[in-house]
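Open the model in your viewer and colour it by chain. Keep the selection panel at hand.

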There are 6 protein chains.
Amino acid sequence: MKFNEQSDYKLEEKIRREKIALLPIGAVESHGDHLPLGTDSILAERLAAKVVERVGGMVLPTLHYTYVWSLGRRLGTIGISNDLLRETIKEIGLEVKRNGFKIFVIINAHLGNLSAIKEAVRAIYDDEMKIYYFSYPGADKALSEVMESGKLYGDFFHAEEIETSYMLYLAEEYVDMSKAIAGSPEVPAEISYTPIRWDEFSETSVMGDATKATREKGRYVIDSVVEYIAEILKRHL
Amino acid sequence: MKFNEQSDYKLEEKIRREKIALLPIGAVESHGDHLPLGTDSILAERLAAKVVERVGGMVLPTLHYTYVWSLGRRLGTIGISNDLLRETIKEIGLEVKRNGFKIFVIINAHLGNLSAIKEAVRAIYDDEMKIYYFSYPGADKALSEVMESGKLYGDFFHAEEIETSYMLYLAEEYVDMSKAIAGSPEVPAEISYTPIRWDEFSETSVMGDATKATREKGRYVIDSVVEYIAEILKRHL
Amino acid sequence: MKFNEQSDYKLEEKIRREKIALLPIGAVESHGDHLPLGTDSILAERLAAKVVERVGGMVLPTLHYTYVWSLGRRLGTIGISNDLLRETIKEIGLEVKRNGFKIFVIINAHLGNLSAIKEAVRAIYDDEMKIYYFSYPGADKALSEVMESGKLYGDFFHAEEIETSYMLYLAEEYVDMSKAIAGSPEVPAEISYTPIRWDEFSETSVMGDATKATREKGRYVIDSVVEYIAEILKRHL
Amino acid sequence: MKFNEQSDYKLEEKIRREKIALLPIGAVESHGDHLPLGTDSILAERLAAKVVERVGGMVLPTLHYTYVWSLGRRLGTIGISNDLLRETIKEIGLEVKRNGFKIFVIINAHLGNLSAIKEAVRAIYDDEMKIYYFSYPGADKALSEVMESGKLYGDFFHAEEIETSYMLYLAEEYVDMSKAIAGSPEVPAEISYTPIRWDEFSETSVMGDATKATREKGRYVIDSVVEYIAEILKRHL
Amino acid sequence: MKFNEQSDYKLEEKIRREKIALLPIGAVESHGDHLPLGTDSILAERLAAKVVERVGGMVLPTLHYTYVWSLGRRLGTIGISNDLLRETIKEIGLEVKRNGFKIFVIINAHLGNLSAIKEAVRAIYDDEMKIYYFSYPGADKALSEVMESGKLYGDFFHAEEIETSYMLYLAEEYVDMSKAIAGSPEVPAEISYTPIRWDEFSETSVMGDATKATREKGRYVIDSVVEYIAEILKRHL
Amino acid sequence: MKFNEQSDYKLEEKIRREKIALLPIGAVESHGDHLPLGTDSILAERLAAKVVERVGGMVLPTLHYTYVWSLGRRLGTIGISNDLLRETIKEIGLEVKRNGFKIFVIINAHLGNLSAIKEAVRAIYDDEMKIYYFSYPGADKALSEVMESGKLYGDFFHAEEIETSYMLYLAEEYVDMSKAIAGSPEVPAEISYTPIRWDEFSETSVMGDATKATREKGRYVIDSVVEYIAEILKRHL
């Protein structure tokens, strides 16, 4: 159920019944030749829809313009500052509360948004409205079972086996596997300790082996993520 | 051509060819029982698409969360502050320029956004990128020919004959004419001189006679708006 | 009755009796060779004084430094940013309320200030103090009767027949009609859709035919504006 | 020569000739029963005029709304925050420079404005425009010769012998000596080390013996202040 | 070599020779009955000193006041907002660059500071000065070898076996092991997805078994952290 | 008693007993060849310790990074902006109140911090917590008795006879009198009326005759300052 497609008609009743407002947060960001710039937005939207299938709720319009630093100088990226993102989420959250929702769920598909999200929800949390922010929670176990190419570095994944598999499952129509490559940038070991933009060490935005991606892998991981989220939310329904 | 559906593949070439980036700016806002909360976003998106049909260009993802003051306390509205909106537009505009677009076109469907838009574009305008912001330009003449119910007050129109006609033409699937009413709030004469929220004088968000709306009227006005915009943009192509 | 000329003596009593605080908002801005840079401030002050003659009230000191964008690069203009102006009005308004006034009336003579004013009064309005902001309200009818040269473009008027007539009526001592010219800049049609500073299309700051101005025209329009404002305010006295 | 009374006519020439822009900064602030609320604004304006008599220059419109903390809760005061004041002065200073003035002189008559002024001028100072800020410089010696009542505490003086004498000399028409009192508040010794508003220890805003004020004392001190300022400015002319 | 203990004497020469400026960032935060409130500041300082022993450099004064959210409501904590912390680090970094240092190393001992640090260094990084931020890098392997009690949850450790061991090694004089307890709060599984302050689920601030701490464990882990940092920095010397 | 060395153990009791939290505020700033860059921080800390010897209280960690404008371009200085300093003090003060202290005492040793401190304490003062800010109060009389070299200009003193004497008394181990010089910069008379950085008129940062400094002078002045502060604080104990 999409919030923006509702009218005023019985709106209060619907909000009371659905309880949950889900905010998909994506990005406009370079994702290689095989994935669209809107990959993160699309994934967040479709993941939110899957969660709603399981536990109900109303999906808010997607927040497309977010904080992109690592690929912030590459063509195709359209980002905003971290502060603007944080304040926007904060104000949306307060409006969600004003509308009477009992649970505010952020479905985030772009890791770069995480610190803005965390600060935003800390600023608005209180006893009245429960707040969750999910960036593919519970994916680790499923990923370790199906992933073939190995993560390139730390927690980040981008336009490679994982994310491409997610897209193949959730939004195959936007994927052009004929252009998928096995990106293998040498991620500098010190990227955890010093600011390095990805364009400093990689020609493309594909941070891993996208050719290994399959719809099946995507389905397996995403379904467990949805399950994971559903379990958490069901406690409050 | 939607920007978010493009990949990195030949992106530079496409941007150079299309020249124009269009940013639809809408709102999440109460629009009565017959129109969806996302009315302004939907209209901005579809209007942008029509402009692209005429002059080309790439449509950026829609800015859904905007500044809603007049109906800012009503259920269904999810707004952000004027300052946040202005800064967001400003930063998006700078990114559009960095991506190499020659013309930045804002297609705005919510009048409340106008002052934020105006300040934003003033802040970023220079000789490198041409900027336009359109809020149904050139509609007045066409409106005077087809509109039956008369504007309630000044420049604003909301969920009444005009906007409902626009929706019937551009997004009929979201309109439920069976719930359309002839709203006739007594708009206080002094609304131009003193801050008054619309909920202070109107029970519903329908600011006029929505029952008079027809797809034909919408088509007539919107087509002339599209024509008007296309004429302006074509000078730079 | 000027606020700044009062002492503490019986001040509370006077405020209670007068009820209204009027804030003239002008500008320091290029106005051609025949009008002074302080034209807008002078007009706002004298208009406020005329309103007080009709309905009483205390006139606050004039806000001279305001937001000038269109003529912001021309010699003679001394402007501040829109945000600063808005915050200043907001804080003044709160102080006016703290002093016990029941009505806060902004008399604005510079159109560029309008969006700052609107945001400011929205931020402070509540049930305790009534707020009005007037930029020559009700002038349109009178203007249509007396004006000979026609408006150049849209709503704006600047240093031409209208404003010069106002000055001739309200502050003739500052006008040098021997230097008045018939300015006829080609205002670009797209000025409503794209940011254009006036110096881009006009050599002088006279945006119309100042030679057509007469004291009589000014008197006719200003008197109806004063009448209009007085009618509104009298309802609350 | 008042800047706001000039027109565009030969403005560039006048600015080049006069070199100096003087900005009077006052306050809207309670000053007892015998002095007007605008005392500081009036003093700053008239002092500026006297300086211009000596060294030329153009007087900008007065900044009336400033930072009042010590008497910030008293009736009659209309203040703005320190930050707003500082930013306003900063922006005015930059505009003064843009207009081509070679010296920017702030004539300040309200001590509470000093830290905002200091920060503002630090932010804009460079090699192009010389900046001065004067708060009755060089008054000390003259004061020690004529003052009878003794300063109440530290550097501040307010609506007492000194300021009332200034007003008697510069703006006698606004003074009502019949209402002057010998205020003798017990200024807490610790006021230099802890925030204390004056209303915490004084019933009136008269911080000393206003009855001792004479026009002659005012003339003596103000003339030496003007002399002092003129000497400094003449070095650059 | 402590920066604050140097004088102007041969300072330029010393900076050129030492190349590195190290900024210890700690916290003022509740750490149980056995560890001091300044634990994080002390650890950051002593760790920085150990790094200097290995690779040289000058240690800047410690940043004590930082961002504490999780234990932000507990007695003993004195925190500042995330934004203030970020801006402070940013401005310090720019000053470090102005002073001519070639490497700016942040030694951080409080995880809550990480997102502010990351944003700050992103804002100032460029080609002139290399920037590193270290929060016990490379500790994981050593920890897995010596730690007995197991981490309570995710990445965080606080006043338990790990941190207490660090203190026993680096600052034994501040530890009172007789008051160490085996804290075993039930950390809510959803703490990664929803804002929860630690005082909501734990009576004490000891987030694990502090009784298991030994000086030897601390030495083993800290020494490998120092080694790890030294290896990275030596590449630039 | 240092706050940062306390643990949670009986912390509430200690705070209730000690009542006073003292915040030393210093600077990182060039102080000539004979005094360390941390002179102001060291002085503030040691002065705070002396006050605690007299009246009890808990000393908070030192605020090292503060606002340095006059020597802000010199090597050795690491400053932050005035706004950041003010906000940091404000937030620390609010945390001190939250911790239950009854008196918040700022011991400041850098005059440049004064306006930030003053604004900060004004923003947080209320009836619950008493706030004091001391910058060597009551030193004037003692100084006039012992000082030989005469103040260079107005209120400021820096790395000369006074400050060096303070250091000789409070932190002799950091002073190298063999490098002390008799600085005698020509302080421009107009420094009180126009922004001038000290590096514009002085080769060194020694603003007076440091060779005249003695431990005895420092002891005499500092002891009377401590006495002065103790007298004020004892009234509230």
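This tour goes from the sheet of one chain to the contact between the two chains. Bear in mind that the model is predicted.

**Stop 1: the sheet.** Show chain B as a cartoon. Its four strands form an open sheet in the order β2-β1-β3-β4, paired in parallel. Select 58–59 and 130–134 of chain B: these are the edge strands β2 and β4, each with pairing on one side only.

Next, pick residues 20–25 and 103–108 of chain B. These are β1 and β3, joined in the parallel sense over six bridges. For one example, click B:L22; its bridge partner in β3(B) is B:V105.

Now add residues 39–55 of chain B. This is helix α2, which packs on the sheet and touches β1, β2 and β3 of chain B. The helix direction makes about 160° with that of β1(B).

**Stop 2: the axis.** Bring in chain A. A turn of 180° with a shift of 0.0 Å along the axis lays chain B on chain A, with an RMSD of 0.0 Å. That is the relation of a two-fold axis. Centre on B:L84, whose C-alpha is the nearest to the axis in chain B, 3.4 Å away.

**Stop 3: the interface.** Select the contacts: 51 residues of chain B meet 51 residues of chain A. The two chains bury about 3,900 Å² between them, 59% of it on carbon and sulfur atoms. Show B:D8, B:Y65 and B:L75 as sticks; in chain B they lose the most area to chain A.

What kinds of polar link cross here? The rule finds 32 residue pairs in polar contact, but zero salt bridges. Finish on α3(B), which gives the most to the side of chain B that touches chain A, with eight residues.

Terms used
Residues numbered from 1 in each chain as written. Chains lettered and ligands numbered in written order. Predicted model: local features only at pLDDT ≥ 70, side-chain atom pairs only at ≥ 80, totals over all residues. Heavy atoms only, no water. Pairing = 2+ DSSP bridges. Helix = DSSP H or I, 4+ residues; strand = E, 2+ residues; numbered from the N terminus. Contact = heavy atoms within 4.5 Å. Axes fitted to C-alpha atoms, helices over the stretch in contact; angles between N-to-C directions. Least-squares fit on C-alpha atoms with pLDDT ≥ 70 in both. Buried area = accessible area lost by both parts, 1.4 Å probe. Salt bridge = Lys/Arg side-chain N within 4 Å of Asp/Glu carboxyl O. Polar contact = N/O pair within 3.5 Å; in protein donor to acceptor, adjacent residues only side chain to side chain.
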